[in-house]
Amino acid sequence: MVVAVIGCGAVGSLFAANLATLDDVEVWAYDLAQEHVDAINRDGLKLTGAGEVTGRVRATSDAAELPSCDFGIVATKAMHTDAALAATARAFADGCVATVQNGIGNEEVLARHVERVIRGTTFPAGKITAPGVVQWDVKGDTTIGPFEDSPAPFEQVERLADACTRGGMPTKAVQDARGPQWRKVIFNAATNPLGALTGLTHGRVCERPDLRRLASQLVDEGKAVAAAQGIVLDSDPEELIDYAARPEVAYGHKASMLQDVEARRQTEVDYLNGGIAGFGKKLGVPTPAHETIWALVKGVEASW
Amino acid sequence: MARVCVAGAGVIGSLFAAHLARVAEVSALTRREEHAEALRTHGLRVSGRADFTARLAAATSPDDLEPPDLVILACKGTDLDAVAARLAGHWPGALVMTVQNGIGADEVVARHGDWRILAAVTFMSGTRHEDTHVQYVLDTATWIGPARGTTYADAQSVAELIVSSGLKAEAFEDLRPAQWSKLIFNATVNTVAALTGLPHDPHFAALERPDDLGHLVRGLMDEGKAVAGAAGVELGEDPWEMNVLATRRGSAHYPSMLEDVEAHRRTEIDMITGALVREAHRVGVPVPLHETMERLIKAKEDSWS
């Protein structure tokens with residue numbers, strides 16, 4: 001089976017390198033960072049930290065080089081989805097494409113370019129430390145399911161889940177993947193921007209009672225917006241926040257949004273707090289805290 | 001000739017000290033000895049809207065200064081308690097004027113002595129280039145009102161002295177309307193600037209897109225106005241109009257809290273947003289947006305300590 005990872009940043013690399021350890025999977029990576037692409041082709045894609053893996057991955061920054069694939073795993077930053085799919089959709093004419101991106105609304109973008117879409121949510125995290133090298137900070141599960149409006153066949157969803165799991169990225173196939181996705185979106189929207197605005201790691205955000213309460217306010221607003229759509233969260237985002245704050249999990253992890261702010265890159269706030277605020281507005285659910293955070297992070301971006 | 005001591009020679013203190021030295025006998029009380037020495041040796045230069053160098057006395061201890069008639073406490077709000085403590089037991093006859101951002105500065109000072117106290121808010125601004133050189137940027141007024149043991153006439157005489165020195169000042173029977181307008185303005189603009197890194201510029205008045213900052217700015221100001229209303233304070237200028245006007249001036253202003261954050265210094269959050277939130281709790285008005293800003297700024301201070 002042929003899998004192409006679209007966007008080989010930290011999360012994309014975790015999937016690509018782990019899948020590449022399997023004999024029956026040929027892994028491609030599409031990424032625009034030429035140095036990273038060259039390093040992967042020269043030395044393999046290396047993971048350090050939570051797992052030591054070197055995967056033989058064919059990397060390219062030229063979408064035309066991608067073969068016809070059985071699966072795509074989209075892991076770009078949310079704001080780059082449209083451009084990445086416009087370039088690579090041809091490789092998935094007969095395949096299924098899954099998103100493991102942060103935020104709300106990625107599936108809709110995928111469905112504009114490909115026919116069979118898989119909704120996905122993933123928890124592992126890390127960061128690129130050098131071209132071709134990714135530090136694996138946090139292990140975790142992935143949940144995938146057919147995207148309601150433009151679904152991939154469920155047996156294909158199961159096939160991808162099986163490969164990821166065998167490769168070392170535990171993945172579950174479910175019929176309705178919205179619950180886990182909203183749980184993570186709410187988790188991310190309640191914690192990432194607090195790190196980004198204050199400069200604190202996840203653990204330090206959580207040990208300040210005043211900030212922890214602010215996170216809970218954001219969680220409560222997010223839960224109300226999910227409930228208004230009939231989405232049943234698979235578990236409480238609050239538990240996830242406290243779990244992630246444990247020293248052995250992600251106490252010292254700088255949220256990706258904080259990494260973005262430090263590097264002065266556009267953040268995913270539009271797809272997190274902006275996504276929740278947008279759905280809230282449509283559904284008549286007030287989200288003042290998400291609106292505040294959204295405006296502040298957009299202000300940070302505007303200051304560069 | 002009146003004798004004036006300016007305690008704290010940052011931007012605002014330097015502007016007061018240099019101008020007043022043209023019409024009064026002025027001394028500066030500084031924290032650092034090399035600062036006092038530089039002022040004694042080189043005087044204090046003003047550039048920008050004025051251009052002159054003033055001669056003045058300077059020391060790090062009140063014991064080394066002649067007892068003044070007027071003390072202007074011009075240090076940052078974060079240093080006010082410590083500076084007032086150093087004055088405790090000195091100059092019982094002096095009139096003491098606070099010019100800190102926020103509200104409650106006069107109460108902090110009152111804890112350290114029986115001086116007669118005036119409260120002021122200042123809208124002038126400048127840039128400090130070195131210990132002995134300050135650039136005068138915005139020539140807006142300082143508003144003065146009675147606080148403890150003082151009258152409107154006291155405020156008037158200090159305002160006249162300041163005006164005679166070339167700065168703008170005005171006395172008020174009741175300073176609270178002006179103080180509260182500025183408090184709400186600062187609690188909003190300073191915190192938004194400090195969290196976003198944006199100077200006070202047109203983003204603060206933008207209302208077109210749902211994620212534009214103007215919505216948050218207006219929301220924060222509306223909360224502040226509700227607190228003022230419940231506290232029985234009739235506002236002077238409307239903070240939102242102050243905001244719109246300031247962002248139209250063209251030159252982006254860097255609020256002091258943004259400078260503090262960039263320099264990894266402690267901010268005045270406790271005396272500005274903290275004071276507003278405490279007052280809100282006292283009068284029972286919800287201020288969730290200001291509480292959010294206060295939490296985020298305090299956490300940000302934590303990130304470099």
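This passage describes strand pairing in chain A and the contact between chains A and B in a predicted model.

Residues are numbered from 1 along each chain as its sequence is written, with chains lettered from A and ligands numbered from 1 in the order in which they are written. Because the model is predicted, local features need pLDDT of at least 70 and side-chain atom pairs count only at pLDDT 80 or more, whereas totals for chains, interfaces and linings use all residues. The predictor gives the complex an ipTM of 0.83 and a pTM of 0.84. For chain B the mean pLDDT (the predictor's confidence in each residue, from 0 to 100) is 95, and 99% of its residues reach 70 or more.

A good place to start is strand β10 of chain A (residues 133–138). Helices (H or I, at least four residues) and strands (E, at least two) are DSSP runs, numbered from the N terminus; two strands pair if DSSP finds at least two bridges between them. β10(A) runs parallel to β3 of chain A (residues 45–49), with four bridges, and antiparallel to β9 of chain A (residues 125–130), with five. A:Q135 in β10(A) stands opposite A:T48 and also opposite A:K127. Two residues separate β9(A) from β10(A) in a hairpin, where A:G132 in the turn has a positive phi of about 80 degrees.

Turning to the interface, 21 residues of chain A are in contact (C-beta atoms, placed from the backbone, within 7 Å) with 21 residues of chain B. On the chain A side, α6 (178–198), α8 (209–228) and α12 (288–302) each give two or more residues, and α12(A) gives the most, with 11.

Key. Contact = placed C-beta atoms within 7 Å.
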